[in-house]
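Here are some short exercises on empty spaces and helix packing in a protein. Try each task with the structure in view, then read the solution step by step.

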Amino acid sequence: MPDSKTDPKILVTAALPYANGPIHIGHLVEYVQTDIWVRFQKLMGRRAIFICADDTHGTAIMIRAKNEGISEAELIAAMQQNHLRDFRGFDIEFDYYGSTNSSENYELCCQVWAALRQSGLIVQREVSQLFDPVAGTFLADRFVKGTCPNCNALDQYGDNCDKCNATYSPTDLINPRSTLSDGIPEVRSAMHLFVELEKMHEFLNEWTQTGDHLQTEVANYLKGHFLQKPLRDWDVSRPSPYFGFEIPDSPGNYWYVWFDAPIGYIGSTHAWCKQHGEELSDWWKSESTEVHHFIGKDITYFHTLFWPGMLKAAGFTLPKQVHIHGFLTVGGEKMSKSKGTLVKAETYLDHLDPSFLRYFYASKLSASIDDIDLDINEFVAKVNSDLVGKLVNLASRTARFIEDVGLAPVYPHDGGLFKAAAAAGQSIADAYQANDYARAMRIIMGLADDANGFVENAAPWTLKKDPSQASKLQDVCTICLNLFRQLSVYLAPVLPRIAKQCGELLNDPIVHWDQSQSPLLNNSVNKFQHMLQRVKIEDVQKMIESGQENTPAEEIAATPVSLSDVAPTLIDSGDALIAEPLAETCSIEDFIKIDLRVARVLAAEHVPEAKKLLKLTLSLGGEDKRTVFAGIKAAYEPEKLVGRLVLMVANLAPRQMKFGLSEGMVAAAGAGGVEVYLLSPDSGAVPGHRVH
RNA sequence: GGCGAAGUAGCUCAGUUGGUUAGAGCAACGGCUUCAUAAGCCGUGGGUCGCUGGUUCAAGUCCAGUCUUCGCUACCA
């Protein structure tokens, strides 16, 4: 009977996926990484639980539900089913998968909130924030530029000055401008609640810089970025309307989604506890619990400063470690929808075996926060060569020789192979524990090489031809299958399906790491069945193409039945609109002020020092030529632009940029970066035509 | 701009506290084998360890500088 008060317990979380979209292969880096770690802990016989949930609150969910004509509750319920199905498909095995929109989570939020109040960390104040009347939104500091009030440097951001390092409020800027619309922001005020994080500065300094809670590069990042100056107050409330939990002692205000999302780790644990007759305090207020968070580097700030601060203030168990990973790139580039490389979990599963991706990720993951790259050729080579050629082949080439007689009763002489591989178990385990799966895979595949070399020398196929060698044949195959089983144990965290198949082949389920330390004898051997198909590069290409061809309408058809059931009229996703809400209504007079013209690209060139800009020369016909700097470098090759027609804002006031004077603006849609799509007129339009 | 990280064979990467002719896998090439999912085994070729300088008996490994690449740059979810 385990004593939950004193036994060491390991609580593992992965970041909560946002209920605003499906899981894709980028997300899966983290869930696979975490799942491997948890499975490893369990295989070692440790008490570990894997807790996760959907992150369900916030403006984006609210707007999406509205656009789809369904309630938020319906939206997030459908999305959770979608997520759970994808995770199951990849053998991600949660002990509990909840929702931040649960009664348990609300209860915990209230607890944490009360503690923050009690510690005197919450302050309330009117926030005078710049509001962009053109874009119809409040402006974050980075979206306001103007003249530094301290040194009068031009073109400085709303929070601090590059030139003199002064920090100030965006409302202090001289001649502020919205970078969204170039409109003149106006000051509006609203009541907000803040956590005074600076009061925890000393604690956070110590927690982040000592005790191995973080990778060193992360600790350095925090030190260099945040901890050298006072920590800003954290704005944790949003005024109505907002989809979330209303703050009990502040009616009309809601907790900002980033407040209740991490508390979802605890809320979800609470729900699990109720199911299993456990006490929440044994897990989240206990010296004997190790809390491990796995996250991507994009949310470092929240998990390494706000979150430990909140936990500390509320008296919960602090994380033992926050394990931070990098992003996934495909073919060395950021994943992109238009290139088809932003592959949804569901699309992947339509074409390929989940074990491939689990193994591939494992072979690339280390404790570093560097990005990992999925190169299609490497993926195919690795899976076929390592998994099929080396690993599965061991069983495939020997099992059928001893289907009749089974494993030998005594472990034969194998030249020390099994013993050596058993000894390697410790370094493999160490590598798993340290998140260095790549190292673990290297060691394991080295052992598989040795095993295949043994088969080659022992040549069971020759022994088989001589009936007097039957016992020798049984010995050789017993050795080989035991080496295979040993590797299957080592790989069980990564490849649970192979472990299961190995257990079935040899009539002995793999349940514990220690099974790698002693051979299995005297068991019958079942008829060998293929364990993994080889992967064909055409299948991978088909997967990419099918993602690429997905028009928005098809995309909906590919989303779960439950979602299309509740929103049958859905055609396009609301993502784009959510990302950038509609601007304020404008009059026809306002619109007429903007003179849009068709223009031809006469020349296009790179600006060597600019990260994002291309220098374009545009013709409006006749002698009227304009130089325009456009932020489309990531999306377009200059050569391919020359000659084509574009739309330009022809009467925009010229703007002095670092690299020269820009005399207009080219019209384009998309989120920015690689996702930029220039607009073109239908054929017939000529340079100089005005757009009405 | 600031900060963080990386630059080692064609590709992906190992190289512990500085110590013999710098390693692995994949790819290439040559041979062997046929039990196995055209899998396996043996062997060969290929690197002035980004560049420059320094410390040292000794540097891929430490120090300084420099170049290149990538990522992050907070009230975004």
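**Exercise 1. Find the residues that line the largest cavity, then sort them by class.**

Solution.
Step 1: Go around the wall of the largest cavity in this predicted model. Its lining is made up of Ile25, Val330, Thr341, Val343, Tyr348, Leu352, Leu357, Leu374, Phe379, Val540, Met543 and Ile544.
Step 2: Sort these residues by class. You should get 11 nonpolar, one polar and no charged. With Thr counted as polar and Tyr as nonpolar, the polar residue in the list is Thr341.
Step 3: Look for the element that gives the largest share. That is helix H18, residues 537–549, with three residues of the lining.
Step 4: Add the volume, which is about 70 Å³ for this cavity. With a cut-off of 30 Å³ or more, the model has three cavities.

**Exercise 2. Describe the second largest pocket: how much space lies in it, and which residues are closest to its centre?**

Solution.
Step 1: Start with the volume. The second largest pocket holds about 280 Å³ of space.
Step 2: Move to the centre. The lining has 15 residues, and Arg39, Leu43, Ala492, Pro496 and Ile510 are the closest to the centre of the pocket.
Step 3: Assign the wall to helices. Helix H1 (25–43) and helix H17 (496–505) each bring at least two lining residues, and H17 gives the most, with six.
Step 4: Assign the wall to domains. Domain 1 (9–111 + 253–327) and domain 3 (352–516) each provide at least three residues of this lining.
Step 5: Sort by class. The lining of this pocket has eight nonpolar, one polar and six charged residues.

**Exercise 3. Helix H17 also packs against helix H16. At what angle do they pack, and which residues make the contact?**

Solution.
Step 1: Recall what to look for. Two packed helices are described by the angle between their axes and the distance between the axes.
Step 2: Apply this to H16 (residues 470–491) and H17. The angle is about 145°, and the axes lie 9 Å apart.
Step 3: Give the handedness: H16 passes H17 in a left-handed crossing.
Step 4: List the contact. H16 contributes Leu481, Phe484, Arg485 and Ser488, while H17 contributes Ile498, Ala499, Cys502 and Leu505.
Step 5: Sort by class. This contact has six nonpolar, one polar and one charged residues.

Technical notes
Residues are numbered from 1 along each chain as its sequence is written. Chains are lettered from A and ligands numbered from 1 in the order in which they are written. This is a predicted model: local features need pLDDT of at least 70, side-chain atom pairs count only at pLDDT 80 or more; totals for chains, interfaces and linings use all residues. Side-chain values use heavy atoms; hydrogens and water are left out. On a 1 Å grid over the protein atoms alone, a cavity is a set of points where a 1.4 Å probe fits but cannot get out, and a pocket is an open set with protein on both sides within 12 Å along at least five of seven lines; lining residues have an atom within 4 Å of a point. Grid points are joined across faces, edges and corners, and a volume is the space filled by probe spheres set on the points. Helices (H or I, at least four residues) and strands (E, at least two) are DSSP runs, numbered from the N terminus. Domain bounds come from an automatic or database domain assignment. Axes are lines fitted to C-alpha atoms, for helices over the stretch in contact, and angles run from 0 to 180 degrees between N-to-C directions. A crossing is left-handed if the near helix is turned anticlockwise from the far one by less than a right angle, and right-handed if clockwise. Contact means heavy atoms within 4.5 Å.
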